[in-house]
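The exercises below concern charged side chains and a contact between two chains, and each task is followed by a solution worked in steps. Please look over the sequence and the model before reading the solutions.

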Amino acid sequence: MTRGRGITLALGGLVMGLFLASLLIGPAGLGLRDSLRALVTGQGEAVVLIMREIRLPRAVLGLLVGAVLGLSGAALQGFLRNPLAEPGLIGVSSTAALGAVLALQTGLAAAFALALPLAALAGAGVSVLLILALAGPRGGALALILAGIAISALAGAGTSLVLNLSANPFAVTEIVYWMMGSLADRSMLHVWLGAPFMLAGMALLLTLGRGLDALTLGEDAAQAMGVRLTRLRWVLILGTALAVGASVAVAGAVGFVGLVVPHVLRPLVGAMPSRLLPASALGGAAMVLAADVAVRLIAPEQDLKLGVLTALVGAPFFLHLIWRMRKVEA
Amino acid sequence: MKLENLTVRRGQCPVVDGVDLTVAKGEFIGLIGPNGAGKTTLLRAALGLLPFEGQSSLASLPVAARARAAAFLPQGRDIAWPVGVADLVALGRGPHLAGAMTGADRAAVDHALDRMGLAGFRARQATALSGGEQARVLIARALAQDTPLLLADEPVAGLDPEAQLRCMQVFADLAAEGRGVVVAIHDLGLAARHCSRLVMLDKGRVVADGPPRAVLGAEHLAQVFHVRGYHAETPEGLVFQPIALVDRRY
């Protein structure tokens, strides 16, 4: 109990620190006191513009996107009783990406700023309908996984087809860069568009704790303990689609956060899904904020993509975890 | 619990076929039968975990009320995450919780742990325990649910003799307290020794129902299990051991 709470507090502090760091670090090289004063009071023209229109949305989106990825990863792992599940598993990320790619390819994204995130949200919506049609209200975990794989494959093929047939090399470049995932150059408009969906999705996922706890003992035992599995599955799919769809819409595909964060935190909170959910939201936020600060520090001139860094750091870290697990099991 | 004409079909073929069964308070029922006789299916249908025809007094309850009326121990020892023993046992309190755990809930968890001899295991990781210890932890979870009825599917399979006897003793004690206990079990010796009543299933039908000595008669054993058995009334109670195969044409 207390250990779980201690971890949550520590993670909360870490997130706050990183959020501040995200506000204070950038190519403009603003003074610490100036920038905070500008942010709060709105005094000092250029500084206010940088803080409120560039850094604040970036930090807020980092916080939300990270929390969404960590939380939905933990929820899906809990539901599928499998530590390899990740937010993209039910196909939402790939269909949202396909929606965004179509917006980029058709030039809609260039014509009006919100076309891309809106198209991505529509893509996420399509995946929910497909999942529900394929995995049904009574479908089990396996049906859900297989439906997710099929939808991801289809959306991936669609994206490849767009790239393949694209006559416009600039659109191709733009699509490829967008798919790497980034928080650079986002505005408050992105925040207002994405935040309601991400917050609503997270609110849904956070209600699942007790049901996921019971699922630790299997579907039969959970149902006999009063868990309504059909309802749980609906809430899970809807929450994940809202939250992850919106996160892809505003930030592109940021990999490995939803897989690694719950994995790292599980032993620290005593493995119960109800404690892992909030901890993973905080852990995901910390990881994305840290990575987003890091891309600005490592290569300020080169626009290193956030998704590239999270995968570059996340994958070896994951390998290390597997290595350690193998040793314990041997 | 009352089952009336309970039938479960897989395709056209009935897996459980017109079973009537009433479990009274204080009964410790052993559900016996060869592999595929429909023991697991019967328990799951009775709980409403499967679609079925006929009546089950449990399955007709709302989900929350059902979870306060009967606890279920599924087959196997399936624990997905390396959770602590006390946390796992506390899951049994889920159906009773309105908000956070209260003092009464914690007392019920402590009582269940004590009862299964697990007081020293509270902080251990459930997945790191031996099979017998895990079985005790899972039974403690069901005890913490504190229901008038307990249904358990092969709870003692694969356990050492001490763990088997300990578990059967706890089930018998629960029945003595006035709860109903139904255990699907393959070990006819344990069933004969501990259960107050045996229900023998074959091909989805109840073929015998009554006191162990009567149900484990030569004819039923030969027809259903294709074995002969040895019975002895001892000061410790009925001792039964299957000893030889009989010709299937019997």
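**Exercise 1.** Determine which residue of chain A pairs with D87(B) in a salt bridge, and place that pair within the contact between the chains.

Step 1. D87(B) forms a salt bridge with R275(A), with 2.9 Å between the closest N and O atoms; a salt bridge here is a side-chain nitrogen of Lys or Arg within 4 Å of a carboxyl oxygen of Asp or Glu. This is a predicted model, in which local features need pLDDT of at least 70 and side-chain atom pairs count only at pLDDT 80 or more, whereas totals for chains, interfaces and linings use all residues. Residues are numbered from 1 along each chain as its sequence is written, chains are lettered from A and ligands numbered from 1 in the order in which they are written, and side-chain values use heavy atoms, with hydrogens and water left out.

Step 2. Between chain B and chain A the count is 3 salt bridges.

Step 3. Contact, meaning heavy atoms within 4.5 Å, involves 24 residues from chain B and 25 residues from chain A. In chain B, L49(B), W81(B) and L91(B) lose the most area to chain A, together 34% of what that side buries; buried area is the accessible area (1.4 Å probe) that two parts lose on being put together, summed over both.

**Exercise 2.** Decide whether R141(B) is buried or exposed, and identify its nearest side chain of opposite charge.

Step 1. R141(B) is buried, a class that requires under 20% relative accessible area, with exposed being over 50% and partly exposed in between (1.4 Å probe, protein chains only).

Step 2. R141(B) has no salt bridge, and D220(A), the nearest side chain of opposite charge, is 10 Å away; Lys and Arg count as positive and Asp and Glu as negative, while His and the chain ends are not counted.

Step 3. Leaving out residues up to four places away in sequence, R141(B) touches residues of both chains, including L217(A), M225(A), F72(B) and L91(B).

**Exercise 3.** Trace the salt bridges of E177(B) and name the network to which E177(B) belongs.

Step 1. E177(B) pairs with R115(B), the closest N and O atoms being 2.5 Å apart, and these two residues lie 62 residues apart in the chain.

Step 2. R179(B) also forms a salt bridge with E177(B), at 3.1 Å between the closest N and O atoms.

Step 3. E177(B) is partly exposed at 43% relative accessibility, as are R115(B) at 23% and R179(B) at 22%.

Step 4. The network of salt bridges links R115(B), D146(B), E177(B) and R179(B).

Key. Helix = DSSP H or I, 4+ residues; strand = E, 2+ residues; numbered from the N terminus.
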